[in-house]
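The following exercises ask you to read side-chain contacts and surface exposure from a model, one step at a time. Try each task before turning to its solution.

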Amino acid sequence: QADYEAKLIQKVIDDTHAAELRAAKKREEEREKYRQIFEDNRKHQELKQQQAAKEAEEDLERMAQYAKVLEEQERKREEMFRSFTERQEKLGKQKVDYKPPDLSGRVLMS
């Protein structure tokens, strides 16, 4: 009887120990799973930040290129206006004798 009880107590102890080991293993697996999820999320966030920084840099480059295009257009407009103004001044300085056309021999429609 004492042998049976000792074996039974030992079996309970062994079962309890095995259950504790399984629970510890399960906790460790859960911990590792969450660690992996955390690491994956960190990598994903880092990648998103890198992409956002790259897009911001590309946007700045595009804005600079657009500003150059606008400056070039403005420079051309200013050059055209200056040229137009110079032509107008030149024409204004010329003396032009204007005589209206002789319409006496023509029939005007009214």
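**Exercise 1.** In this predicted model, work out how far apart along helix H1 Glu32 and Arg35 lie in terms of helical turns, and then characterise the contact between their side chains.

*Solution.* Begin with the spacing: Glu32 and Arg35 are three residues apart in helix H1, which means that about one helical turn separates them. Next, look at the side chains, which meet in a salt bridge with an N to O distance of 2.8 Å, within the 4 Å cut-off that defines such a contact. Finally, consider exposure: Glu32 has a relative accessible area of 40% and is partly exposed, and Arg35, at 43% relative accessibility, also counts as partly exposed.

**Exercise 2.** Apply the reasoning on spacing, contact and exposure to the pair Glu74 and Arg77, and then to the pair Glu79 and Arg82.

*Solution.* For the pair Glu74 and Arg77, the separation is three residues in helix H1, so about one helical turn lies between them. Their closest N and O atoms are 2.9 Å apart, and the two residues form a salt bridge. Glu74 is partly exposed, with a relative accessible area of 36%, while Arg77 reaches 48% and counts as partly exposed as well.

For the pair Glu79 and Arg82, the spacing is again three residues in helix H1, or about one helical turn, and the side chains meet in a salt bridge at 2.3 Å, N to O. Relative accessible areas of 36% for Glu79 and 38% for Arg82 place both residues in the partly exposed class.

**Exercise 3.** How many salt bridges does a search of the whole structure find, and which residues are linked with Arg42 in a network of them?

*Solution.* The search of the whole structure finds 11 salt bridges. Arg42 is linked with Glu39 and Glu46 in a network of such contacts.

**Exercise 4.** Identify the residues that make a nonpolar surface patch with Leu8, and explain why Leu8 and Val12 pass the exposure criterion for a patch.

*Solution.* The patch, of about 310 Å², is made by Tyr4, Leu8 and Val12. Both Leu8 and Val12 lie in helix H1, which spans residues 2–93. The exposure criterion requires over 30% relative accessible area; Leu8 passes because its value is 41%, and Val12 passes because its value is 48%.

As a last step, relate Leu8 to a distant point in the sequence: Met63 is 55 residues away along the chain, and the C-alpha atoms of the two residues are separated by 81 Å.

Note on methods
Residues are numbered from 1 along each chain as its sequence is written. This is a predicted model: local features need pLDDT of at least 70, side-chain atom pairs count only at pLDDT 80 or more; totals for chains, interfaces and linings use all residues. Side-chain values use heavy atoms; hydrogens and water are left out. Patches are made of residues with over 30% relative accessible area and no salt bridge: like charges are joined within 9 Å, nonpolar side chains (Val, Leu, Ile, Met, Phe, Trp, Tyr) within 5 Å. Accessible areas come from the Shrake-Rupley method with a 1.4 Å probe; for residues, only the protein chains shown count as cover. Helices (H or I, at least four residues) and strands (E, at least two) are DSSP runs, numbered from the N terminus. Buried means under 20% relative accessible area, exposed over 50%, partly exposed in between (1.4 Å probe, protein chains only).
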